Amino acid sequence: MPTTLKYHGHATFELSDGETTVLIDPWFTGNPVATVTADNVTADTILITHAHNDHVGDGPAIAERTGAKLITVNELANYLTAKGLANVEGGNHGGTIAFTGGTAKFTQAWHSSSFSDESGSVAPGVPSGFIVRYGGVTIYFAGDTALFGDMALIGEEGIDIAVLPIGDKFTMGPADAVRAAKFVGAKTVVPSHFNTFPAIAQDGAAFATAIEEKTSSRAVVLKPGESFAISE
Ligand code: NI
Ligand code: MN
């Protein structure tokens, strides 16, 4: 059974090895480009990079329904636990947490992290990315971030697939994502966090061309609902 990476639009991804499923930043309800609803996904593990509502999304509800373990930055983990969610584990930059079928290492991300709830806006912790080892493959989910030079250190970990935001405005844009791809040196680059709404409209095909021309990586541009095999 090959391991697959599925894109649900925006920053929402699904990893599956045929036995377990990992959701990353699972935002379905209110996501204008999602092709499935939160009720129709399964998960054993949920990884959330930071507290912004477009990343926490349906994560807590899916965790509650499925019993999936939700892994996120410590302060957001504590916030969700205080709200009554049972199976939450917090970590922080540089730390690795094991889950059924793999591991997730927290990386830094240059961004912000706040959450709008019934009391207004709270800011539980810092933003992160993840280096996920799963199904024999190493995937770097950069999360919402600007370009930073220490992506070169992340590249030293041997990244097979780098999922990089390209939307601009709230994260790095395509030009900086090409520079990020050079630092990371992944075999494959997958763009994310674009074309969800007009403010982050980008040309995925033009980004793919820039990656092929300016880096040693290949680009795989997924439409929401599409997936591809990332291992044999
Ligand atoms: Ni964000
Ligand atoms: Mn975001």
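Here a biologist and a modeller talk through a predicted model with two metal ions and two sheets.

Biologist: Let's start with the metals. Which residues coordinate the nickel ion (ligand 1)?
Modeller: The donors sit at 2.2 to 2.3 Å from the nickel ion. Along the chain they are spaced H-x1-H-x58-H-x32-D. Put names to that pattern and you get His50 (NE2), His52 (ND1), His111 (NE2) and Asp144 (OD).

Biologist: What do you call the arrangement of the 4 donor atoms around that nickel ion?
Modeller: Four donors need all angles between 85 and 135 degrees to count as tetrahedral. Here the angles run from 90 to 176°, so the nickel arrangement is irregular.

Biologist: His52 and His111 both hold nickel; how many residues apart are they?
Modeller: His52 is in the loop between strand S4 (45-48) and helix H1 (53-56). His111 is in the loop between strand S8 (102-108) and strand S9 (115-117). That pair links distant parts of the chain, 59 residues apart.

Biologist: Is His111 buried or partly exposed?
Modeller: Buried means under 20% relative accessible area. His52, at 15%, counts as buried. His111 comes out at 24%, so the label is partly exposed.

Biologist: Now the manganese ion (ligand 2): which residues coordinate that one?
Modeller: The donor distances are 2.1 to 2.3 Å. The spacing along the chain is D-H-x88-D-x48-H. In names, that gives Asp54 (OD), His55 (NE2), Asp144 (OD) and His193 (NE2).

Biologist: Which residue coordinates both ions?
Modeller: The nickel ion and the manganese ion are 3.1 Å apart. The residue on both donor lists is buried, with a relative accessible area of 2%. The shared ligand is Asp144.

Biologist: How many residues apart in sequence are the parts tied together by Asp144 and His193?
Modeller: Asp144 lies in the loop between strand S12 (137-141) and helix H4 (151-155). His193 lies in the loop between strand S14 (188-192) and helix H6 (204-214), and at 2% relative accessibility His193 counts as buried. The parts this pair ties together are apart by 49 residues.

Biologist: On to the sheets. Which strands are at the edges of the one with the order S6-S5-S4-S3-S2-S1-S16?
Modeller: That one is an open sheet of 7 strands with mixed pairing. An edge strand there pairs on one side only. The edges are strand S6 (88-91) and strand S16 (227-229).

Biologist: Inside that sheet, what is the bridge partner of Ser16 in S3?
Modeller: Strand S2 (residues 13-16) and strand S3 (residues 21-24) run antiparallel, joined by 4 bridges. Across in S3, Ser16 has as its partner Thr21.

Biologist: What angle does helix H3 make with S5?
Modeller: Helix H2 (residues 59-66) packs on the sheet, touching S3, S4 and strand S5 (69-73), with its direction at about 165° to that of S4. Helix H3 (residues 74-82) packs there too, touching S4, S5 and S6. The angle between the directions of H3 and S5 is about 135°.

Biologist: Which residues of H2 are buried?
Modeller: The buried residues of H2 pack against S3, S4, H1 and S5. They are Gly59, Ile62 and Ala63. These cover an arc of only 100° around the axis, which puts them on the same side of H2. So the buried side of H2 is made by Gly59, Ile62 and Ala63.

Biologist: And which strands are at the edges of the sheet ordered S7-S8-S11-S12-S13-S14-S15?
Modeller: This is an open sheet of 7 strands, and the pairing is mixed. Each edge strand has a single partner, so one side of each is left without a neighbour in the sheet. Those strands are S7 (96-99) and S15 (218-219).

Biologist: What is the bridge partner of Thr103 in S11?
Modeller: S8 and strand S11 (residues 128-134) pair in the antiparallel sense over 7 bridges. In S11, Thr103 is matched with Arg133.

Biologist: Last one: how far apart are the C-alpha atoms of Val126 and Ser112?
Modeller: Val126 has its place in the loop between strand S10 (120-122) and S11, and is partly exposed at 37% relative accessible area. Among the residues Val126 touches are Thr49, Val73 and Ser113. Ser112 is 14 residues away along the chain, and the C-alpha separation is 6.6 Å.

Notes:
Residues are numbered from 1 along each chain as its sequence is written. Chains are lettered from A and ligands numbered from 1 in the order in which they are written. This is a predicted model: local features need pLDDT of at least 70, side-chain atom pairs count only at pLDDT 80 or more; totals for chains, interfaces and linings use all residues. Side-chain values use heavy atoms; hydrogens and water are left out. Donors are N, O and S atoms within 2.8 Å of the metal (3.2 Å for Na, K and Ca); water is not among the atoms, so sites may look incomplete. Four donors count as tetrahedral if all angles lie between 85 and 135 degrees; four count as square planar and six as octahedral if opposite donors are over 155 degrees apart and all others between 65 and 115; anything else is irregular. Buried means under 20% relative accessible area, exposed over 50%, partly exposed in between (1.4 Å probe, protein chains only). Two strands pair if DSSP finds at least two bridges between them. Contact means heavy atoms within 4.5 Å. Axes are lines fitted to C-alpha atoms, for helices over the stretch in contact, and angles run from 0 to 180 degrees between N-to-C directions. The arc is that of the directions from the helix axis to the C-beta atoms. Lists of a residue's contacts leave out its neighbours within four places in sequence.
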